[in-house]
Amino acid sequence: MEERGVRNPLGTEPVGKLLRKFAIPSIVSMLVMSFYNIVDQLFIGRTVGLLGNAATNVCFPMTTMCIATALAFGIGGAAGFNLKSGAGEVKKALYFVGNAVAMMLSIGVILSLLVLINLKPLLLFFGAPASNEKISVLAYAIEYAGVLAIGFPFAIVSAGGAHLVRADGNPTYSMLCNLVGAGTNVVLDYLFVMKFRWGMTGAATATVIGQVISFGMVIYYLLHYKTGKLEKKHFIPKAARVFRMLHLGMAQCLNQLAIMVVQIVMTKSLTYYGALSSYGSEIPLACVGIIMKINQVYFSICIGISQGMQPIASFNRGARAFQRVRQTYRLAFTCNLIVSIIAFAIFQIFPTELIRAFGKANESYFLFGKQFLRIFLFMTFLNGIQPITSTFCTAVSEPNKGTFLSLTRQIIFFLPLVLVMPRIFMALGKQGIDGMMFTAPISDFLAAVISIFVVRTVFKKIEKMELADAENA
């Protein structure tokens, strides 16, 4: 075996300095990814209007599907690479990078073809109200998603590849890959949507071009990988290695898939219960889509801190530097908690201002949006606990615990509540749509409690390994 890489900066530099170095570019990268959809919605809301905003919400599960794939192999590949590097097995580590890229590109092409072939049925399944009108949520969604699907391979490799770049010790370039793509998207969105009036097609085209540029930057870096030269053999997938990556990246992947399932159920429920309410189906569909994307900006910061923590925790776990592993989690946890408290204050104080940024509408729209945002995001101050703990578990080779935590908020708690709470409210003589507001805060609280319990068990296991090493020294 090769000598452990204890001289690597991940094992020697102060944890606080390392977390700043890795987390800040990661935060920027995650914010950029969230802005891809938000920028589209900002321009669409000001030109196409409410129906266009609702259409982007219907299409959002497709984006989440791409992110899930990117995280499965991006984080899984990066974690495998860092664990092997920390243990001194650099030659074996490079296979995780090549296999990750090959899998992301292949799955991206398959997803693109499947979506393009089954576009209308998929959008109806995602919750688009059925309509034969040329101006409708469904018509706009078909126009938008038809272009967006072409960019799936580029979107997946650029998003997942950024984690592989970061794992190589270059978080700044990882950030630039996403930043340049997003900047391109903003400029082209303005030209295509605001100036040329290309509507949904223009917004989607701008997004795809931005993703292609990010993809090119990632591929360029991988061809000049700092740790070692990637050769053809590294890109040939091996089942054992692919399953190992999936095991390590499954927590984040399942979390995104869970979000996608919730998005679909939410969209269908909003359409159904909205039609039974005084608001109609379009207002809840458009409003909640905006609220979810506003929350995504905050959550991107939490995820960015979590991802910045991952290579530090993984390397030091591989090097058996357990004190540094604990220190990394505690510092990242504190940062997430501070961000969450600030976001909570903004959401509660400025709900109307946040929603108005996405375009004009009637008073019913803003009344519903204000109330929904405040209640739905009420437990924001606890929201950062679950993602930081889930990522930490995966980073320290406890992927089963990480996977379980990734399912707690969305699948175990949120999904059943979405199905039950509207019925409870209707039984009490109130609007079913109002019951949906309370699903998120209840789920957030329960997920945070479970996360704290799980991380305590992981810390106890780490302490036992530390004691065993001391006895064998």
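Me: How many residues of helix α15 are buried?

Reply: This is a predicted model. Buried means under 20% relative accessible area. In α15, residues 385-395, 11 of 11 residues are buried. That makes the helix mostly covered.

Me: Which residues of α15 are buried?

Reply: An α-helix has 3.6 residues a turn, so residues three or four places apart point the same way. In α15 the buried residues are I385, Q386, P387, I388, T389, S390, T391, F392, C393, T394 and A395.

Me: What covers the buried residues of α15?

Reply: The cover includes α3, α10, α11, α12 (322-349), α16 and α18 (439-472).

Me: What phi does S397 take, just after α15?

Reply: S397 takes a positive phi of about 65°.

Me: Now the cavities. How many of 30 Å³ or more does a search of the whole structure find?

Reply: Rolling a probe the size of a water molecule over the atoms shows where empty space is left. Here the search finds six cavities of 30 Å³ or more. The largest holds about 460 Å³ of space.

Me: Which lining residues are closest to the centre of the largest cavity?

Reply: Look for Q256, I259, N295, Q296 and F299. The lining has 24 residues in total.

Me: Which elements give two or more residues to that lining?

Reply: They are α2 (15-47), α3 (50-86), α10 (239-275), α11 (282-318) and α16 (399-427). The largest share, six residues, comes from α11.

Me: How many lining residues of the largest cavity are nonpolar, polar or charged?

Reply: The lining has 11 nonpolar and 11 polar residues. Two more are charged.

Notes:
Residues are numbered from 1 along each chain as its sequence is written. This is a predicted model: local features need pLDDT of at least 70, side-chain atom pairs count only at pLDDT 80 or more; totals for chains, interfaces and linings use all residues. Side-chain values use heavy atoms; hydrogens and water are left out. On a 1 Å grid over the protein atoms alone, a cavity is a set of points where a 1.4 Å probe fits but cannot get out, and a pocket is an open set with protein on both sides within 12 Å along at least five of seven lines; lining residues have an atom within 4 Å of a point. Grid points are joined across faces, edges and corners, and a volume is the space filled by probe spheres set on the points. Helices (H or I, at least four residues) and strands (E, at least two) are DSSP runs, numbered from the N terminus. Ala, Val, Leu, Ile, Met, Phe, Trp, Tyr, Cys and Pro count as nonpolar, Asp, Glu, Lys and Arg as charged, and the others, Gly among them, as polar. Buried means under 20% relative accessible area, exposed over 50%, partly exposed in between (1.4 Å probe, protein chains only). Contact means heavy atoms within 4.5 Å.
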